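This report looks at how a protein meets its DNA and at some of the places inside the protein. Please keep the structure at hand while reading.

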Amino acid sequence: MDSAEFHAAVYEMVRQIPAQRVTSYGHIAKLIGMPRHSRHVGQALKFLSGDGIETVPWHRVVSASGAISSRGPGTDGAQRQREELEAEGVEVVIGRTGEMRVDLRTWGWFPASV
DNA sequence: ATGGTGACGACGG
DNA sequence: TCCGTCGCCACCA
């Protein structure tokens, strides 16, 4: 499986996440049969553009702790993700240090397979 | 070749 | 629960 196929597999799986539910990078990795590639799932989503950005619900993927990955200081990716989630009704809580997270016990979607 | 770098995760204190 | 640390793996300078 080359990187193009990996990206395609990730996008296909992310499309399976129901509205108003979220899952983790690591879980997507498990579902496509590559459990140790959670970091690469993030890379695949990072490279989304054009039609992909419209058809892949990338905002429904967060870290295993429920935190929305920051993408580094000075970037607005995390904020955009928060807006997308709240727009479809998912509650995002803000911690003391300003970090954003989703309660996985309420919104989490972790099926053993699809 | 080689060391650094992520939209990460498991584990231990 | 909150951290620090370590493992992970494709890419890139």
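## Contacts with DNA strand C

In this predicted model, an N or O atom in the side chain of His40 is 3.2 Å from a base oxygen of DNA strand C. A base oxygen of DNA strand C also lies 3.5 Å from an N or O atom in the side chain of Arg39. The side chain of Arg36 meets the backbone of the strand instead: one of its N or O atoms is 3.4 Å from a phosphate oxygen of DNA strand C.

The residues around DNA strand C are Ser3, Arg36, His37, Arg39 and His40. By class, three of the residues on this surface are polar, two are charged and none is nonpolar. On the DNA side, 67% of the strand C atoms within 4 Å of the protein belong to sugar or phosphate, and the rest belong to bases.

## Contacts with DNA strand B

DNA strand B has 15 residues around it, and the nearest are Tyr25, Gly26, Arg39, Ala64 and Ser69. Of the strand B atoms within 4 Å of the protein, 42% belong to sugar or phosphate, while the rest belong to bases. Which side chains have an N or O atom at a base nitrogen of DNA strand B? One is Tyr25, at 2.9 Å, and another is Arg71, at 3.0 Å. Gly26 uses its backbone: an N or O atom there lies 2.7 Å from a phosphate oxygen of DNA strand B.

Helix H2 (25–31) and helix H3 each give at least two residues to the surface near DNA strand B. The largest share, seven residues, comes from H3. Sorted by class, the residues of this surface are four nonpolar, eight polar and three charged.

## The largest pocket

The largest pocket holds about 450 Å³ of space. Helix H3 (38–46) and helix H5 (77–87) are the elements that give two or more residues to its lining. H3 provides the largest share of that lining, with five residues.

In total, 15 residues line the largest pocket, and those nearest its centre are Tyr25, Gly42, Leu45, Lys46 and Arg71. Two of these names have appeared before: Tyr25 has a side-chain N or O atom at a base nitrogen of DNA strand B, and so does Arg71. The lining is made up of six nonpolar, five polar and four charged residues.

## Two residues: Ser24 and Ile53

Ser24 belongs to strand S1, which covers residues 23–24. Is Ser24 buried or exposed? Its relative accessibility is 5%, and the limit for buried is under 20%, so Ser24 counts as buried. The side chain of Ser24 reaches the backbone nitrogen of His27 at a distance of 3.0 Å. Apart from neighbours within four places in sequence, Ser24 is in contact with Val61, Val62, Ser63, Ala64 and Phe110. One of these, Ala64, is also among the residues nearest to DNA strand B.

Ile53 sits in helix H4, residues 51–55. Its relative accessible area is 35%, which lies between the 20% and 50% limits, so Ile53 is partly exposed. Not counting residues up to four places away in sequence, Ile53 touches Leu48 and Trp58.

Conventions: Residues are numbered from 1 along each chain as its sequence is written. Chains are lettered from A and ligands numbered from 1 in the order in which they are written. This is a predicted model: local features need pLDDT of at least 70, side-chain atom pairs count only at pLDDT 80 or more; totals for chains, interfaces and linings use all residues. Side-chain values use heavy atoms; hydrogens and water are left out. On a 1 Å grid over the protein atoms alone, a cavity is a set of points where a 1.4 Å probe fits but cannot get out, and a pocket is an open set with protein on both sides within 12 Å along at least five of seven lines; lining residues have an atom within 4 Å of a point. Grid points are joined across faces, edges and corners, and a volume is the space filled by probe spheres set on the points. Helices (H or I, at least four residues) and strands (E, at least two) are DSSP runs, numbered from the N terminus. Ala, Val, Leu, Ile, Met, Phe, Trp, Tyr, Cys and Pro count as nonpolar, Asp, Glu, Lys and Arg as charged, and the others, Gly among them, as polar. A residue is near a molecule or strand if one of its heavy atoms lies within 4 Å of it. A polar contact is a pair of N or O atoms within 3.5 Å; within protein, one must be able to donate a hydrogen and the other to accept it, and residues adjacent in sequence count only if both atoms are side-chain atoms. Buried means under 20% relative accessible area, exposed over 50%, partly exposed in between (1.4 Å probe, protein chains only). Contact means heavy atoms within 4.5 Å.
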